[in-house]
There are 4 protein chains.
Amino acid sequence: MGETRKPIPTLVKDQGLVRLRRGQIIRAAVDLFVEKGFHKTTTREIARATGIGIGTLYEYIQSKEDVLYLVCDFIHTDVEEKLTALLAEQRTGRDTLVHAIRSFFKIMDEMQDYVLLIYQESKSLPDEMLHYVLAKEEVIMRHFEKILERGAKDGSLNIEDGSRKLMAHNITVLGQMWAFRRWFLRRYYTLEQYTERQVSLLLKEMS
Amino acid sequence: MGETRKPIPTLVKDQGLVRLRRGQIIRAAVDLFVEKGFHKTTTREIARATGIGIGTLYEYIQSKEDVLYLVCDFIHTDVEEKLTALLAEQRTGRDTLVHAIRSFFKIMDEMQDYVLLIYQESKSLPDEMLHYVLAKEEVIMRHFEKILERGAKDGSLNIEDGSRKLMAHNITVLGQMWAFRRWFLRRYYTLEQYTERQVSLLLKEMS
Amino acid sequence: MGETRKPIPTLVKDQGLVRLRRGQIIRAAVDLFVEKGFHKTTTREIARATGIGIGTLYEYIQSKEDVLYLVCDFIHTDVEEKLTALLAEQRTGRDTLVHAIRSFFKIMDEMQDYVLLIYQESKSLPDEMLHYVLAKEEVIMRHFEKILERGAKDGSLNIEDGSRKLMAHNITVLGQMWAFRRWFLRRYYTLEQYTERQVSLLLKEMS
Amino acid sequence: MGETRKPIPTLVKDQGLVRLRRGQIIRAAVDLFVEKGFHKTTTREIARATGIGIGTLYEYIQSKEDVLYLVCDFIHTDVEEKLTALLAEQRTGRDTLVHAIRSFFKIMDEMQDYVLLIYQESKSLPDEMLHYVLAKEEVIMRHFEKILERGAKDGSLNIEDGSRKLMAHNITVLGQMWAFRRWFLRRYYTLEQYTERQVSLLLKEMS
DNA sequence: AATGAATGAGAATTCATTCAT
DNA sequence: GATGAATGAATTCTCATTCAT
């Protein structure tokens, strides 16, 4: 597997400092992007919210798109870390899947704004960066794929090989939709209701 | 039920002319938005592609956002019309649903670019316009809801009342995702495969 | 002979207006460039001095370099027109040459600042534009070349073919140097003295 | 005669070190200026090419213009040194002149880029520095003036006093033009041809 | 003496919108 | 109704210079 992250050039040599400042930039930018969207956020606002000068901002990035990429990457990494942590305690087969779905939906709920952000703004990324972001998205899907694979092997999940990708895709998408279509879903379901019904739907297919 | 469309003010009195010119504007703008996105498309480009002067453009709209709204509304209306047409020949119960899903997925496939457009750009609409767009989205979902209702009544679909909204939502979303996540799905499935597997998944829940 | 001028794109359709406004822009810019140089003149200053808004300026040009090109082209055209006018009354042979040199040196004196401008700023032009400017420079040299050719033919000037380009070059350069090195020459010579001595020098070679 | 060089203030006390570092700076900057021009070269680039930090650069100079001055002065000094060396073996009268011209033209050929640099960028110097640079230019002209004077005295050159400055000026300028107008001259003459024809032209005047 | 992170004034350019014709 | 020239606020990004370490 190749590199999973595109390195963004910086004029600053001290790598520790770069990590620190970029962390500050990301935290400031993510809120602004959520609030006003990428296009309506100005670089000056990002700098001000970060607590640094506009000139300093450009010591750590090369273009406004770089900030968007850093933000997208940060969100994906965060999702993945949480997912990985939650899946550390690996039970077997079907149980793992149920557990994973519940966890993932919960994460999607917590990170609503960020999920939305990626869905709506990642199109503004330059091609190459977009590829990296989509690759990360796939990494997340592959978590579910692996669980499905395990379940198929130990006999607790009944799913043919050709449907595995699709099922992993569905799980991911239905989780993200809790965030993306909250304007609709929240009117009729709580997170728990939404989760349990989707779990039931998804498992019925695989019984 | 309230108005289903927000009237956009115009300086021109002749209603026929307004409809004509706006049609031209929409057709020009939709292609530009698909190609470069809403923000990167300029009003000048819209006017040029429409074949009218920039001043004339502003006789028919009041702001660039108006164009985006007209475009979104046009797309939704198109989807709905196609859906309505395809559902005119109403069979009963489960058959109708399967037919509807297949039709809807096909429409989503044909209108890929437009689905994408709405997913990515509707956030740029002013609040009020966004509400109208989301309301239209619901109208589409309600099509499926009604079919589900009919199926429940005639006994051919086994679905409890509380799950109906969710199911309609899932159908809609999974259809849209064929367009939105084509970068992934196309690698593994054809439209037919995707459709049949999703149909099978959705129906198993309701057997 | 190919096109002698590079067309600069404009957003304004009315060709008469374009000529008018560009004339205003050139007149404003040439003074600013003479006074502070190309790099230290801002586009806003050019707009202000022209009496138009910054946005309007960019309706008539595409970049700051365009203004520099327009200015360089204007100066060259001006020199050439003056030269052509002065040479209309064509005497023969050596007389014409003497007359031409005197005229040219006088023009160089009148246009000192502009000659300087071209010598110092034309390097800031994009490659293609620079070629057009150098081509114009050659057109001016060719005026002298032709006179030399005529003189050689009618026997009043003794110059071999291979030296003609060089001689035309020398005349042009020594004229321009009256402007370019005024900081030195003015201390010791008046324009008349400079002219007569150079004429004498140049003619001695060709006797 | 006054000072021939403007002292540039430095924060560093050790004079030897100053000379060393400034030498490095000049060598780095001259190439950059030739390649991209003064304005498009950044101080950061100069520092990097010199192999020192940007902070260190400013220990040895006070402004970017200082670097330009150091570079111009270096070039002039170089020209002068080469000229002086070549003229050490002083023959008499007319021979010396011919020898000097040939040498000078050769130097101009070797230093093409640098001659161009001075012609195009010295205008960016602050007034006072510009005066020093022009003074150096005069020093070079005076070399030729002296030779002409000697030739006049020993009878080998026929030139009246009032023309001496002009003749020295012409020699200098025609030499520099080999560099400055290479885009034209190179098409028709080699350095040797150019030199011999100019020598012949200049000497005819003085026979 | 050396360093390089921080800075912010300033620059070119864009673009939605207006309004006189 | 149609037009398109005029506008200037807004935006991204640069870069010479400083100063604490």
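Buried area is the accessible area, taken with a 1.4 Å probe, that two parts lose on being put together, summed over both. In this predicted model, chain D and chain C bury about 3,800 Å² between them, and carbon and sulfur atoms supply 60% of that area. The contact draws on 39 residues of chain D and 38 residues of chain C.

The polar side of the interface between chains D and C can be described in equal detail. Eight salt bridges are counted between the two chains. One of them pairs Lys123(D) with Glu121(C), whose closest N and O atoms are 3.7 Å apart. There are also 16 residue pairs in polar contact across this interface, with both partners at pLDDT 80 or more. On the side of chain D that touches chain C, two or more residues come from each of helix H6 (112-121), helix H7 (127-153), helix H8 (161-180), helix H9 (182-185) and helix H10 (191-205) of chain D. H8(D) gives the most, with 14 residues. By class, this side of chain D holds 16 nonpolar, 10 polar and 13 charged residues.

The symmetry of the pair is worth a look. A turn of 179° with a shift of 0.0 Å along the axis lays chain D on chain C with an RMSD of 0.2 Å. This is the relation of a two-fold axis. The residue of chain D that comes closest to the rotation axis is Gln120(D), its C-alpha lying at 2.4 Å. The same surface serves both copies, as 95% of the contact residues of chain D recur in chain C.

Turning to chains B and A, 38 residues of chain B are in contact with 39 residues of chain A. The buried area here is about 3,800 Å², with 60% given by carbon and sulfur atoms. Eight salt bridges are counted between chain B and chain A, including one in which the side chains of Glu160(A) and Arg197(B) meet at 3.8 Å, N to O. The polar contacts between chain B and chain A number 16 residue pairs, both residues at pLDDT 80 or more. Helices H6 (112-121), H7 (127-153), H8 (161-180), H9 (182-185) and H10 (191-205) of chain B each give two or more residues to the side that touches chain A. H8(B) gives the most, with 13 residues. That side of chain B divides into 16 nonpolar, nine polar and 13 charged residues.

Other chain pairings do not meet. Chain A and chain C do not touch, their nearest C-alpha atoms being 21 Å apart. Likewise, no contact joins chain B and chain D, for which the closest C-alpha atoms lie 30 Å apart.

DNA strand E has 43 residues around it, of which Arg21(A), Tyr60(A), Tyr58(C), Val12(D) and Lys13(D) come nearest. Of the strand E atoms that come within 4 Å of the protein, 67% belong to sugar and phosphate. Among the elements that each supply at least two residues of this surface are helix H1 (15-36) and helix H3 (54-60) of chain D, and helix H2 (43-50) and helix H3 (54-60) of chain C. The surface near strand E comprises 15 nonpolar, 15 polar and 13 charged residues.

Phosphate oxygens of strand E approach several protein atoms. An N or O atom in the side chain of Tyr60(D) is 2.5 Å from a phosphate oxygen. A backbone N or O atom of Lys64(C) lies 3.0 Å from a phosphate oxygen, and a polar backbone atom of Gly53(D) is 3.3 Å from a phosphate oxygen.

How values were computed
Residues are numbered from 1 along each chain as its sequence is written. Chains are lettered from A and ligands numbered from 1 in the order in which they are written. This is a predicted model: local features need pLDDT of at least 70, side-chain atom pairs count only at pLDDT 80 or more; totals for chains, interfaces and linings use all residues. Side-chain values use heavy atoms; hydrogens and water are left out. Contact means heavy atoms within 4.5 Å. A salt bridge is a side-chain nitrogen of Lys or Arg within 4 Å of a carboxyl oxygen of Asp or Glu. A polar contact is a pair of N or O atoms within 3.5 Å; within protein, one must be able to donate a hydrogen and the other to accept it, and residues adjacent in sequence count only if both atoms are side-chain atoms. Helices (H or I, at least four residues) and strands (E, at least two) are DSSP runs, numbered from the N terminus. Ala, Val, Leu, Ile, Met, Phe, Trp, Tyr, Cys and Pro count as nonpolar, Asp, Glu, Lys and Arg as charged, and the others, Gly among them, as polar. A residue is near a molecule or strand if one of its heavy atoms lies within 4 Å of it. Copies are superposed by least squares on the C-alpha atoms of residues with pLDDT of at least 70 in both.
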